[in-house]
Amino acid sequence: FVLVTSAVPGEGKSTVAANLAHSIARSGRNVLLVDGDILRPTLHQLYPISNLAGLTTVLNGRSTLADSVQQLDNSPLHVLCAGPATEGSADLLSSHKFYQLLDEAIQMYDIVIFDGPAVLAAVDSLAIAKQMSAVLWVVDPRKVDKRTLMFAREQFEQLGTKMVGVIASRVKNKNAAY
């Protein structure tokens with residue numbers, strides 16, 4: 001399980017998560033991309049898919065994982081949208097149903113990538129991170145200063161999560177040859 005997150009909204013984490021999932025699926029591995037940002041879902045906007053069923057409906061027991069996952073163009077890439085917004089999303093993501101969903105997902109897919117909410121926008125990212133094998137951090141240096149980034153990173157360090165990398169988004173390199 002990999003969580004892709006950022007400190008604040010709008011740093012490009014959903015695009016990075018989608019591109020990572022797409023790249024892995026192109027290698028032939030069976031990938032599930034989950035929109036874990038229940039309050040600000042975006043994956044249904046990146047792909048021409050419905051957000052009527054998804055993570056929230058599975059966790060609320062209104063649908064199953066198999067019924068809610070949408071396969072993209074007969075590829076090994078599958079998407080579980082966030083589903084309809086609901087109150088108490090952090091509680092849902094800390095529930096027994098969430099652990100069951102993870103168990104079921106890892107049996108069906110080679111890799112599961114969560115597009116999580118920004119750390120400083122919702123505690124949901126911390127709830128998801130507790131169950132992840134790794135965390136990828138997306139940073140837009142134009143949006144986040146060093147103090148904000150350090151504070152957000154400390155939130156994950158307190159959980160003991162494994163940060164596997166930082167991806168700088170929207171970086172303009174004046175020297176393209178470099």
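**Note on the predicted chain**

1. In this model, the 16 positive and 16 negative charges of the chain have mean positions that lie 9 Å apart. The model is a predicted one, and the remarks below should be read with that in mind.

2. As to secondary structure, the chain contains eight helices together with seven strands.

3. On overall dimensions, the radius of gyration of the chain is 16 Å, which agrees with the value near 16 Å that a compact globule of 178 residues would have. Taken along the principal axes, the box filled by the C-alpha atoms is roughly 50 × 35 × 25 Å.

4. On burial and surface, 49% of the 178 residues in the chain are buried, while the accessible surface of the chain amounts to about 9100 Å², with 50% of that area belonging to carbon and sulfur atoms.

5. Turning to contacts, if one takes those in the chain with a separation of 6 or more, 78% of them are accounted for by residues that stand 24 or more positions apart.

6. One residue may be singled out for local inspection: glutamate 154 is placed in helix H8, which covers residues 146-159. Glutamate 154 counts as partly exposed because its relative accessibility is 37%, and that value falls between the limits of 20% for buried and 50% for exposed.

7. A last point concerns glutamate 154 and alanine 21, which are separated by 133 residues in sequence and, from C-alpha to C-alpha, by 26 Å in space.

How values were computed: Residues are numbered from 1 along each chain as its sequence is written. This is a predicted model: local features need pLDDT of at least 70, side-chain atom pairs count only at pLDDT 80 or more; totals for chains, interfaces and linings use all residues. Side-chain values use heavy atoms; hydrogens and water are left out. Helices (H or I, at least four residues) and strands (E, at least two) are DSSP runs, numbered from the N terminus. The radius of gyration is taken over C-alpha atoms; the globule rule is 2.2 Å times the number of residues to the power 0.38. Buried means under 20% relative accessible area, exposed over 50%, partly exposed in between (1.4 Å probe, protein chains only). Contact means heavy atoms within 4.5 Å. Accessible areas come from the Shrake-Rupley method with a 1.4 Å probe; for residues, only the protein chains shown count as cover. Lys and Arg count as positive and Asp and Glu as negative; His and the chain ends are not counted. The place of a charge is taken as NZ of Lys, CZ of Arg, CG of Asp or CD of Glu.
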